[in-house]
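Biologist: I'd like a close look at one part of this protein, with its surroundings filled in as you go. Here is what I have on screen.

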Amino acid sequence: MQQLSFPSYEFRFKNSKNKVYIFDEIRKKFILLQPEEWVRQHVVKYLIHQKNYPLSLINVEKVLTVNGLKKRYDIIVYNSDGSIELIVECKAPTISISQATFDQIARYNSALHGNFLMVTNGLEHYYCKMDYEKEKYIFLKEIPPYML
């Protein structure tokens, strides 16, 4: 898989029927290794090891309903009170981050109401804080670390 602009992490892999799988610490199972999954697993490690988010507060690939349609988010990080701290949208490294990507995470956030958003293709990362009063995004250099 392609080198991403994250620190280097240790991953568990397995081969089955000529396909490679990567172990997901959150879902506690091996997932088919696709380019987007490679990015998602790096983000999970980044959140745990660089930003100190507890594994127990991270959720991966769950269904949500947006405007009556079933969608699937990539990563959500909860606060200990159950509110949403961070929503992450992952794309494969070959997919450019575009306005459509921001529109997608904005639609998800309209249902989820996270404090921070992150969009990444593993090579480029964009972070923003939500300002719900002024109805705008405040772009950041990085997301804040976990605070108790």
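Is lysine 51 buried or exposed?

Modeller: Keep in mind that we're looking at a predicted model. Lysine 51 counts as buried, because its relative accessibility is 5% and the cut-off for buried is under 20%. As for where to find the residue, lysine 51 sits in the loop between H1 and E4. Leaving aside residues up to four places away in sequence, lysine 51 touches Tyr46, along with Glu142, Ile143, Pro144, Pro145 and Tyr146.

Since that loop comes between H1 and E4, let's look at those two elements as well. Helix H1 covers residues 35-49 and holds both arginine 40 and glutamate 37. These two form a salt bridge, with 2.6 Å between the closest N and O atoms. They are 3 residues apart in the helix, so about one helical turn separates them. Like lysine 51, which is buried, arginine 40 and glutamate 37 are both buried.

On the E4 side, the residue to click on is glutamate 61, as strand E4 runs over residues 58-66. Its side chain meets that of arginine 27 in a salt bridge, at 3.4 Å from N to O. Arginine 27 belongs to the loop between strand E2 (19-24) and strand E3 (29-32), so this pair ties together parts that are 34 residues apart in sequence. Glutamate 61 counts as partly exposed, because its relative accessibility is 21% and buried means under 20%.

Arginine 27 has another partner, too: its side chain also forms a salt bridge with aspartate 24, at 2.6 Å from N to O. Aspartate 24 is buried, with a relative accessible area of 0%.

Now put the charged residues together. Asp24, Arg27, Glu36, Glu37, Arg40, Glu61 and Asp74 are linked in a network of salt bridges. So the glutamate 37 and arginine 40 pair from helix H1 and glutamate 61 from strand E4 turn up in one network. For the whole model, the salt bridge count comes to 10.

If you want something nonpolar to set beside all that charge, try Tyr126, Tyr137 and Phe139, which make a surface patch of about 280 Å². Tyrosine 137 is in strand E9, residues 136-140, and it counts as partly exposed at 33% relative accessibility.

Definitions and conventions. Residues are numbered from 1 along each chain as its sequence is written. This is a predicted model: local features need pLDDT of at least 70, side-chain atom pairs count only at pLDDT 80 or more; totals for chains, interfaces and linings use all residues. Side-chain values use heavy atoms; hydrogens and water are left out. A salt bridge is a side-chain nitrogen of Lys or Arg within 4 Å of a carboxyl oxygen of Asp or Glu. Buried means under 20% relative accessible area, exposed over 50%, partly exposed in between (1.4 Å probe, protein chains only). Helices (H or I, at least four residues) and strands (E, at least two) are DSSP runs, numbered from the N terminus. Patches are made of residues with over 30% relative accessible area and no salt bridge: like charges are joined within 9 Å, nonpolar side chains (Val, Leu, Ile, Met, Phe, Trp, Tyr) within 5 Å. Accessible areas come from the Shrake-Rupley method with a 1.4 Å probe; for residues, only the protein chains shown count as cover. Contact means heavy atoms within 4.5 Å.
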